[in-house]
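Colleague: I've got a new model open and I'd like to learn how to read it properly. Could you walk me through it, one feature at a time?

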Amino acid sequence: MGNIFEDTAVAFALKSDTELERAYFLFKMIANEPLVRIGTAVTNFALKVHLPVEGLIRATVFDHFCGGVNEQDCLTVVDTMFTKGVSAVLDFSVEGKEEEKQFEAATQMILKTITFGKEKLAIPFAVFKPTGIGRFILFEKISAGQKLTETELEEWKKVEARFELICKTAFDANVSLLIDAEESWMQKAADDLILDMMRKYNKYKAIIFNTLQMYRWDRLDYLKKIHNIAIQDGFFIGIKLVRGAYLEKENNRAIEFGYPSPICINKEVTDQNYDTAASYLLDNSATLSVFFGTHNEESILIVLDLMKKKGISVSNSKVWFGQLYGMSDHISYNLAAHGYNVAKYLPFGPVKDVMPYLIRRAEENTSVAGQTSRELKLLKTERSRRKA
Ligand SMILES: Cc1cc2nc3c(=O)[nH]c(=O)nc-3n(C[C@H](O)[C@H](O)[C@H](O)COP(=O)(O)OP(=O)(O)OC[C@H]3O[C@@H](n4cnc5c(N)ncnc54)[C@H](O)[C@@H]3O)c2cc1C
């Protein structure tokens, strides 16, 4: 199969010449590691002491990687992307909160995004992070099999109630729900809760999707395990398949506490693991639905090839592809142009609160080999094409 991702006219059709230049300038900056490091420190400091830098952040990284400061703000981007067949997943990207009041507010925001999904064809999924609606330490203690104190138990009941409310609302609205995966030492508590939700709300089709990070060597077995449970108990499984975003943190913690790292020994093994899981999911599409969350062209080409061989139509509603807004447009828009189901994560939230997300994107684009140079090469090609 030829590479469908090289058509830059399709990839950047929605970008004006000015936006194209801004993207080029931005990725040029991001490619510079010391600059990202210094820029991050300066920006964090400036925000902390309330220097008026929000305007600058908005005009540069924020508008490139985010849909807006609130959900309403995102609708212009949502509608524009949809003119090219690319859907949106509104991602309330406020992180690191620790108070009940904030968890309640996040829950209300997630419910709102589900309502948006109910009303708009262009928003087929909602998304949330487990630790966005409950304290990390609770997930960690339960995952480690530790006993919670009385107060913690009360708190956990509220977390369970929030999970239930969000999942039930998604079910009632018929909007699929992606639940992000986080650090391995909190994940078991989330996995168990999510499996319960799937048993309850995936009776007719996959509405609730858990995320599997294939840089973990144990996830393929976990997939097979829950698949067997689903077959036995008569429900469907939804999976968002990613490689995993916490590589360094995982390896560092394993070294610090002296346990075997849960991460595959190298990138090649992660890649193989991802592709094997992809094949397993497509082989069992009668009971499994999948959302491929990746910017890896090779993996996606393998998936497209497998779909063809297995006779799965390009627009089959059980197979979706997703990239992050502001990244890999050449993948998203070319896939959509060929009729595949595509949805981009569209982060939103107040500038200050979205900073950790933006910093991760900048660092990821600095450190992930080839990613930034690929973006730059494509932008350059499109520039020349427009000038010719
Ligand atoms: C729509 C979407 C949703 C996402 N949701 C989540 C989520 O819920 N949870 C989450 O953790 N991440 C999530 N991610 C991020 C994802 O896990 C990856 O970090 C990111 O997409 C880069 O991986 P890739 O497959 O796109 O590309 P690649 O560039 O092919 O892969 C890079 C990834 O390979 C792995 N890797 C790199 N070096 C090594 C090594 N030495 N040994 C082992 N593995 C290695 C790491 O996972 C690294 O991130 C999401 C990404 C997208 C696009």
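Modeller: Sure, and let's start with contacts. Keep in mind that this is a predicted model. Among contacts between residues at least 6 apart in sequence, 78% join residues at least 24 apart.

Colleague: And the overall build? What radius of gyration would a compact globule with 388 residues have?

Modeller: It would be near 21 Å, and the protein chain has 20 Å, which agrees with a compact globule. The C-alpha atoms fill a box of roughly 65 × 55 × 45 Å along the principal axes. As for secondary structure, you'll count 16 helices and eight strands.

Colleague: How much of the protein chain is buried?

Modeller: Buried residues account for 53% of the 388. The general idea to carry along is that nonpolar side chains tend to be buried together in soluble globular proteins. Here, the largest nonpolar core has 83 residues, and Ile-208, Leu-241, Phe-292, Phe-321 and Leu-335 have the most contacts inside it. Helix 9, residues 184-201, supplies the largest share of this core, with 10 residues. Apart from that core lies another one of 36 residues, including Ala-23 and Met-355.

Colleague: Let me pick Leu-335, then. Which residues does Leu-335 touch?

Modeller: Leaving out residues up to four places away in sequence, Leu-335 touches Ile-4, Phe-5, Ile-300, Leu-304, Phe-321, Tyr-340 and Val-342. Leu-335 is also one of the buried residues of helix 14.

Colleague: Is helix 14 mostly covered or mostly open?

Modeller: Mostly covered: helix 14 spans residues 329-337, and eight of its nine residues are buried. Those buried residues include Asp-329, His-330 and Asn-334 alongside Ile-331 and Tyr-333. Just after the helix, look at Gly-339, with a positive phi of about 95°.

Colleague: Back to helix 9 for a second. How should I class Arg-199 by accessibility?

Modeller: Arg-199 sits in helix 9. Buried means under 20% relative accessible area and exposed means over 50%, so at 28% Arg-199 counts as partly exposed. Among residues over four places away in sequence, Arg-199 touches Ile-229, Asp-233 and Phe-235. Leu-177 is 22 residues from Arg-199 in sequence, and their C-alpha atoms are 14 Å apart.

Colleague: Now for empty space. How do I find it?

Modeller: Rolling a probe the size of a water molecule over the atoms shows where empty space is left. In this structure, that gives one cavity of 30 Å³ or more. The largest cavity holds about 50 Å³.

Colleague: Which elements give two or more residues to the lining of the largest cavity?

Modeller: Helix 2 (17-30) and helix 16 (371-387) do. The lining includes Phe-12, Lys-15, His-64, Asp-329 and Glu-375. By type, the lining divides into five nonpolar, three polar and three charged residues.

Colleague: And the second largest pocket: how much space lies in it?

Modeller: About 560 Å³. There are 21 lining residues, and the closest to the pocket's centre are Met-29, Gly-39, Thr-43, Thr-60 and Val-61. Helix 2, helix 3 (33-48), helix 4 (54-65) and helix 15 (351-367) each give two or more residues to the lining. Helix 3 gives the most, with eight.

Colleague: How do the residues of that lining divide by type?

Modeller: The lining of the second largest pocket has 17 nonpolar, four polar and no charged residues. Set that beside the largest cavity, with its three charged lining residues.

Terms used: Residues numbered from 1 in each chain as written. Predicted model: local features only at pLDDT ≥ 70, side-chain atom pairs only at ≥ 80, totals over all residues. Heavy atoms only, no water. Core = buried A, V, L, I, M, F, W, Y, C linked by side-chain atoms within 4.5 Å. Buried < 20%, exposed > 50% of the residue type's maximum accessible area, 1.4 Å probe, protein only. Helix = DSSP H or I, 4+ residues; strand = E, 2+ residues; numbered from the N terminus. Contact = heavy atoms within 4.5 Å. 1 Å grid on protein atoms, 1.4 Å probe; cavity = no way out; pocket = protein on both sides within 12 Å on 5 of 7 lines; lining within 4 Å. Points joined across faces, edges and corners; volume = space filled by probe spheres on them. Nonpolar A, V, L, I, M, F, W, Y, C, P; charged D, E, K, R; others polar. Rg over C-alpha atoms; globule rule 2.2 N^0.38 Å.
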